[in-house]
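The following exercises concern a single protein structure. Each task is followed by a solution that proceeds step by step.

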Amino acid sequence: MVPIFLIVISFLSMEAVAWLSHRYIMHGLLWILHKDHHQKNQDVILEKNDLFFLFFAIPGIIMIFFGTASGINSICLWPGIGITLYGATYFMVHDVFIHQRINFLKKADNFYLRAIRKAHKMHHKHLDRFDGECFGMLLVPWKYFKEALKQKR
């Protein structure tokens, strides 16, 4: 039971980490890496922004490595799995579903996914680092859920 709890808490905590790092690091100190993600009409396979995956993947990889090296019940293993699962979810939602960088999930549609897509669209309407909104990924402001419930499929 404890391992599942640690995985879930780690996964959920990563939404706060993603929000804070997106707001204050990507739109702050390291805007130079994130800027290309906000530029329109780019026909590139990789963006400088894609380097941020390393900032999030490396801690999970390290925790899983040390967790498995020291035994299956290691306290490092389960949070590492939670962090890694969040990273995989983020990739599927952000890169595959929203930005459609891979031709998959294009037809996925329900009120939750419409709310996420709308919130992200509102985030991208700001082309500079200031005056942004909706810095999270899986938890978005309630107003977008209300809009999504009203939308027809």
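**Exercise 1: Ile 62 and its surroundings**

Locate Ile 62, classify its exposure and identify the surface patch to which Ile 62 belongs.

Solution. The model is predicted.
Step 1. Ile 62 is placed in helix H3.
Step 2. Its relative accessibility is 40%, so Ile 62 counts as partly exposed, since that class lies between 20% and 50%.
Step 3. Ile 62 contributes to a nonpolar surface patch of about 690 Å², together with Leu 51, Phe 53, Leu 54, Ile 58, Phe 65 and Phe 66.

**Exercise 2: Ser 74**

Determine where Ser 74 lies, whether Ser 74 is buried or exposed, and which polar partners its side chain has.

Solution.
Step 1. The loop between helix H3 (52–69) and helix H4 (77–98) contains Ser 74.
Step 2. Ser 74 counts as buried because its relative accessibility is 11%, and the cut-off is under 20%.
Step 3. Its side chain forms a polar contact of 3.2 Å with the side chain of Ser 70. A polar atom of the Ser 74 side chain also lies 3.2 Å from the backbone nitrogen of Cys 76.
Step 4. Leaving aside residues up to four places away in sequence, Ser 74 touches Phe 66 and Gly 67.

**Exercise 3: The two sides of helix H6**

Establish how the buried and exposed residues of helix H6 are arranged.

Solution.
Step 1. In helix H6 (residues 142–150), the buried residues are Tyr 144, Phe 145 and Ala 148.
Step 2. Viewed down the axis of H6, these residues fall within an arc of 100°, and therefore line one face of the helix.
Step 3. Helix H5 (111–124) is included in what covers them.
Step 4. The face of H6 turned away from the buried side carries the exposed residues Trp 142, Leu 149 and Lys 150.

Definitions and conventions: Residues are numbered from 1 along each chain as its sequence is written. This is a predicted model: local features need pLDDT of at least 70, side-chain atom pairs count only at pLDDT 80 or more; totals for chains, interfaces and linings use all residues. Side-chain values use heavy atoms; hydrogens and water are left out. Helices (H or I, at least four residues) and strands (E, at least two) are DSSP runs, numbered from the N terminus. Buried means under 20% relative accessible area, exposed over 50%, partly exposed in between (1.4 Å probe, protein chains only). A polar contact is a pair of N or O atoms within 3.5 Å; within protein, one must be able to donate a hydrogen and the other to accept it, and residues adjacent in sequence count only if both atoms are side-chain atoms. Contact means heavy atoms within 4.5 Å. Patches are made of residues with over 30% relative accessible area and no salt bridge: like charges are joined within 9 Å, nonpolar side chains (Val, Leu, Ile, Met, Phe, Trp, Tyr) within 5 Å. Accessible areas come from the Shrake-Rupley method with a 1.4 Å probe; for residues, only the protein chains shown count as cover. A salt bridge is a side-chain nitrogen of Lys or Arg within 4 Å of a carboxyl oxygen of Asp or Glu. The arc is that of the directions from the helix axis to the C-beta atoms.
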